[in-house]
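Biologist: Before I use any of the terms in my notes, I would like to see how each one is earned. Could we look at the model together and go through them slowly?

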Amino acid sequence: MKLHNNTIRGVHTALQAIFEEGQYADKVIERTLKSNPKWGARDRSFIAETTYEMVRWWRLIGHLSPSKDYWDLFGTYWLMQGNQLPEWEEFARINPDKLKGKYESIEDPAMLESIPEWLHKLGKSELGDKWESEIHSLNEEAEVVLRVNTLKTTRERLKNQLAADGINTYIVKGYPDALVLEERENVFRHPAFKEGLFEVQDASSQLVAAALAVEPGMRVIDACAGAGGKALHLAALMENKGKILAMDVEDWKLQQTKLRARRDGVSIIEPKAIEGTKTIKRLKESADRLLLDVPCSGLGVLRRNPDTKWKLSLDSIQKVRETQQEILQSYPSMLKPGGQMVYATCSILPSENELQVKKFLESEAGKNFELIEDQKVLAQESGFDGFYIARLLKKPTAD
């Protein structure tokens with residue numbers, strides 16, 4: 001592939017915003033592409049993919065590069081991909097043979113997988129001999145997965161509709177609403193997306209709403225709804241009959257839920273901001289089903305958010321564990337006796353997952369609950385994101 005000076009500079013600008021200003025990679029890339037409307041589809045794809053991959057391999061690139069200069073860092077990355085560098089003066093400091101020798105001498109697994117040392121130690125201590133295979137899987141580029149909106153179409157119909165426009169997808173067993181793209185594509189521009197026929201949602205994430213075992217006509221609370229992806233899936237599973245309260249402590253996220261619901265033809269979602277403990281108390285024992293898709297480290301979704309590993313710390317993970325337990329101690333009061341609850345994270349760490357559920361069940365707040373089943377979804381086994389999903393029953397009260 002021929003390199004162009006202006007697109008490499010676009011990558012440099014994006015990397016500076018991510019690493020020097022601490023901005024989120026997805027927002028940076030979105031803004032970078034918007035600010036340069038003259039770039040063609042190939043250039044835009046190059047900038048987005050190169051930025052993400054350089055963020056993913058940032059520590060390793062920095063170790064191999066002759067300097068921290070952005071041209072040296074890009075040139076090092078380009079060689080790591082098996083490409084050749086053009087004879088530009090910007091790449092004069094890079095010696096491909098020296099770089100290859102330096103790479104072959106690395107023995108540190110954390111450096112080879114381009115993760116912080118503390119994260120390697122934590123992963124090893126929590127996942128044991130599964131850790132190295134898991135982090136290797138999480139360093140692979142994520143596939144694009146669609147969730148078919150069954151309120152408006154069927155999986156087969158959408159598959160054929162996309163194929164007619166040259167977008168080929170395949171079906172994966174065990175994920176009834178999922179279609180996986182054979183090649184990366186900007187599907188947000190496709191008319192089918194604008195008509196609300198699908199959402200982009202990883203296959204593992206689609207397991208969460210399914211685990212809640214909802215039925216049409218139920219009253220459901222999605223208490224950590226964010227932008228509403230799982231609430232929309234729940235609405236489809238409920239055939240748009242019943243009521244879903246989409247709640248979050250950040251009201252601005254819920255505005256996105258409203259827009260998405262309108263596009264998807266969903267009318268049963270009511271967004272509601274959590275303004276404190278009073279909001280939770282007012283909803284005591286009002287839900288047939290409760291979804292707690294809690295804040296987490298996000299280690300299970302490193303493939304699509306590679307900058308997470310540079311923003312996390314042991315302290316931030318400890319704080320998120322505290323938040324998870326606070327939610328578990330308070331929010332389950334909104335569930336009716338006999339109702340079911342799902343606790344989910346996009347983390348692979350037992351300390352955020354089964355150990356949190358165990359702690360809840362052993363506490364006063366969890367004494368009336370029992371674990372029905374749980375799923376530990378690892379990227380190395382599923383081929384999709386890492387997730388944890390636990391389904392719990394609130395015991396019926398004795399008459």
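What follows is a conversation about salt bridges, strands and cores.

Modeller: This is a predicted model, in which local features need pLDDT of at least 70 and side-chain atom pairs count only at pLDDT 80 or more, while totals for chains, interfaces and linings use all residues. Residues are numbered from 1 along each chain as its sequence is written, and side-chain values use heavy atoms, with hydrogens and water left out.

Biologist: Why is the contact of E53 and R56 called a salt bridge?

Modeller: A salt bridge is a side-chain nitrogen of Lys or Arg within 4 Å of a carboxyl oxygen of Asp or Glu. For E53 and R56 the N to O distance is 3.0 Å, so the pair meets that definition. The structure holds 26 salt bridges.

Biologist: What separates E53 and R56 along helix α3?

Modeller: About one helical turn separates them, because they are three residues apart in helix α3, residues 41-56. Helices are DSSP runs of H or I with at least four residues, strands are runs of E with at least two, and both are numbered from the N terminus.

Biologist: Which parts does the salt bridge of D293 and K230 tie together?

Modeller: D293 forms this salt bridge with K230, the closest N and O atoms being 3.0 Å apart. D293 lies in strand β8 (287-293) and K230 in helix α13 (229-237), so the pair ties together parts that are 63 residues apart in sequence.

Biologist: What makes D385 buried, and R304 partly exposed?

Modeller: Buried means under 20% relative accessible area, exposed means over 50%, and partly exposed lies in between, with a 1.4 Å probe and protein chains only. D385 has a relative accessible area of 2% and is therefore buried, whereas R304, at 28%, counts as partly exposed. These two residues also form a salt bridge, with the closest N and O atoms 2.9 Å apart.

Biologist: How do you know that strands β5 and β6 pair?

Modeller: Two strands pair if DSSP finds at least two bridges between them. Strand β5 (219-222) and strand β6 (243-248) have four bridges, in the parallel sense, so they satisfy that rule. Within this pairing, I221 stands opposite L245 in β6. The chain crosses from β5 through α13 to β6 in a right-handed β-α-β crossover, a word that applies if, with the strands pointing away from the viewer, the path from the first strand over the helix to the second runs clockwise. Strand β5 also pairs with β8 in the parallel sense, over three bridges, and there V220 stands opposite R289.

Biologist: What makes a group of residues a nonpolar core?

Modeller: A nonpolar core is a set of buried Ala, Val, Leu, Ile, Met, Phe, Trp, Tyr and Cys residues joined through side-chain atoms within 4.5 Å. In soluble globular proteins, nonpolar side chains tend to be buried together. The largest core here has 37 residues, of which V220, L234, I244, I269 and V342 touch the most other members. Its largest share, five residues, comes from α12. A second, separate core of 35 residues includes I18, A48, W78 and I106.

Biologist: Which residues is V342 in contact with?

Modeller: Contact means heavy atoms within 4.5 Å. Leaving aside neighbours within four places in sequence, the contacts of V342 include V208, L212, L291 and I389.
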